[in-house]
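This briefing goes from the fold as a whole to one helix, then to single residues and backbone geometry. Please keep the sequence and the structure at hand while reading.

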Amino acid sequence: MSLQALSLGLYVHVPFCANLCAYCNFYKERPIKSLVQSYLLEIGREWERWKNILSRRNISTVFFGGGSPSSLSCRDLETLCAHVQPILPQVTEWTVEVSPTTINLEKLKILKEGGVTRISMGVQSFQTDVLKYLGRRQTRMQVYRAYDWIRTAGFNNVNLDLIFHLSFADFKLWEMDLEETIHLNPEHISTYCLSFERSEGPFRRGYYVNEDQEALVYLRTWDWLKNHGYRHYEVSNFARDGHACLHNLNTWKMQEWVGIGPSAASQWNRRRFQNTNNVHDWLGEEKINCTDLSEEILCADCLIFGLRMREGICLDALQKRFPLVDVAKYIPLWQQFSQERLINVHKNQLTCTDKGLLLVDALAREILSYAPDN
Ligand code: SF4
């Protein structure tokens with residue numbers, strides 16, 4: 001596949017949050033005015049550098065994530081959105097993440113008028129006890145009010161992020177969250193299992209994994225959302241027909257993307273770039289770490305991320321894309337996975353079973369052990 005044939009996404013990391021949640025591993029800072037102004041100037045410069053490199057490429061999706069882009073003021077949001085205006089005619093989907101406590105109707109109107117097509121709101125939970133436990137400042141009423149504003153501003157493609165966690169042994173609280181979410185009728189729902197292991201502070205302590213219970217919560221969630229008309233298209237993601245997130249699909253299909261802002265990553269021209277996750281370093285000179293990607297490693301990543309999607313991965317297309325890789329060498333692995341009922345192989349199309357999806361991280365480790373560059 002020629003590089004020109006790969007689609008290209010743009011990710012902008014906005015590393016500011018009014019409230020720093022203890023469980024969150026994304027890079028973020030408090031929005032101090034002078035830091036935000038320096039950040040906006042540097043985003044302009046970094047974007048110009050990439051634009052020159054990519055001058056003959058079309059960017060098809062844009063994603064402003066964070067942190068929380070909605071923690072920026074109206075004026076700063078306008079400044080950030082202005083960078084996208086010259087490429088807007090090529091863009092088919094432009095998502096902006098918002099939080100219920102920092103978004104308002106004025107900001108949403110600015111985003112809508114700027115050309116944003118999709119809003120992703122971090123709800124996490126509607127239950128006061130859960131929100132308190134997570135250290136989230138929002139209330140249920142703020143979520144409902146923000147959702148109303150999103151619809152009033154004219155957005156018809158909305159994602160709601162939800163978190164479930166295993167310390168709530170009773171599925172009831174999670175069921176209540178799912179019910180309230182479905183009642184709002186968003187086009188897209190993302191569900192994440194809070195991993196205390198990877199978190200900081202109080203969330204590190206006392207974590208006990210009950211794998212059977214975790215599996216049960218996942219399976220019941222998948223069934224529940226399917227029964228309410230949401231297609232389960234990736235391990236954690238569910239969408240009404242025609243509303244899967246194109247930007248994330250582009251990443252999971254190992255196409256190409258440019259990431260700007262502190263902690264953002266890019267993958268382009270068989271190289272991976274990682275910006276420093278410190279805004280002060282990023283504002284200085286040394287900011288990018290670059291790694292060359294071999295066909296072997298890209299092919300392994302295609303398999304790993306391909307298996308996370310319900311549609312799976314076509315081995316013929318994979319071999320065509322990576323002619324230097326002997327894709328057949330994975331056959332013993334597919335046989336082993338099939339025997340363990342982790343995957344189905346049909347006409348060279350690999351898809352995970354429910355059991356495989358539950359264990360997809362373990363499958364990824366096995367796949368990586370076959371890639372010689374690791
Ligand atoms: S608002 Fe979102 S990005 Fe910011 S700290 Fe909380 S979870 Fe992380």
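A residue is called buried when its relative accessible area is under 20%, exposed when that area is over 50%, and partly exposed in between. By this scale Q37, at 35% relative accessibility, counts as partly exposed. The model is predicted, and the points below are grouped by topic.

**Overall fold**

- The secondary structure of the protein comprises 14 helices and 15 strands. Its radius of gyration is 21 Å, close to the 21 Å that the globule rule gives for 374 residues, so the protein is as compact as a globular protein of that length.
- Taken along the principal axes, the box filled by the C-alpha atoms of the protein is roughly 55 × 55 × 40 Å.
- Of the contacts in the protein between residues at least 6 apart in sequence, 70% join residues that are at least 24 apart.

**Burial, surface and charge**

- Of the 374 residues in the protein, 53% are buried.
- The protein exposes about 17600 Å², and carbon and sulfur atoms supply 51% of that area.
- The protein carries 41 positive and 43 negative charges, and the mean positions of these two sets are 3 Å apart.

**Helix α2**

- Which residues of helix α2, spanning residues 74-82, are buried? They are C74, D76, L77, L80 and C81. Seen down the axis of α2, these buried residues fall within an arc of 160°, so they line one face of the helix.
- As general background, an α-helix has 3.6 residues a turn, so residues three or four places apart point the same way.
- The cover over the buried residues of α2 includes the strands β1 (8-14), β2 (59-66) and β3 (93-98), together with the helices α1 (33-53) and α3 (105-114).

**Residues D177 and Q37**

- D177 is placed in helix α6, which runs over residues 171-184, and at 2% relative accessibility D177 counts as buried.
- Leaving aside residues up to four places away in sequence, D177 touches Q124, S125, F126 and Q127.
- D177 and D281 are 104 residues apart along the chain, and their C-alpha atoms are separated by 40 Å.
- Q37, the partly exposed residue of the opening definition, has its place in helix α1. Between the C-alpha atoms of Q37 and S266, which are 229 residues apart along the chain, the separation is 23 Å.

**Backbone geometry**

- As a general reference for the entries that follow, most residues other than glycine have a negative phi, and most peptide bonds are trans.
- The peptide bond that leads from G66 to G67 is cis, with omega near 25°, and G67 lies in the loop between β2 and α2.
- Q124, one of the residues that D177 touches, has a phi near 70°, which is a positive value in a residue other than glycine. Q124 lies in strand β4, covering residues 118-124, and with a relative accessible area of 9% Q124 is buried.
- S263 also has a positive phi, here near 75°, and is a residue other than glycine. Its location is the loop between β9 (256-260) and β10 (265-268).

Technical notes. Residues are numbered from 1 along each chain as its sequence is written. This is a predicted model: local features need pLDDT of at least 70, side-chain atom pairs count only at pLDDT 80 or more; totals for chains, interfaces and linings use all residues. Side-chain values use heavy atoms; hydrogens and water are left out. Helices (H or I, at least four residues) and strands (E, at least two) are DSSP runs, numbered from the N terminus. The radius of gyration is taken over C-alpha atoms; the globule rule is 2.2 Å times the number of residues to the power 0.38. Buried means under 20% relative accessible area, exposed over 50%, partly exposed in between (1.4 Å probe, protein chains only). Contact means heavy atoms within 4.5 Å. Accessible areas come from the Shrake-Rupley method with a 1.4 Å probe; for residues, only the protein chains shown count as cover. Lys and Arg count as positive and Asp and Glu as negative; His and the chain ends are not counted. The place of a charge is taken as NZ of Lys, CZ of Arg, CG of Asp or CD of Glu. The arc is that of the directions from the helix axis to the C-beta atoms.
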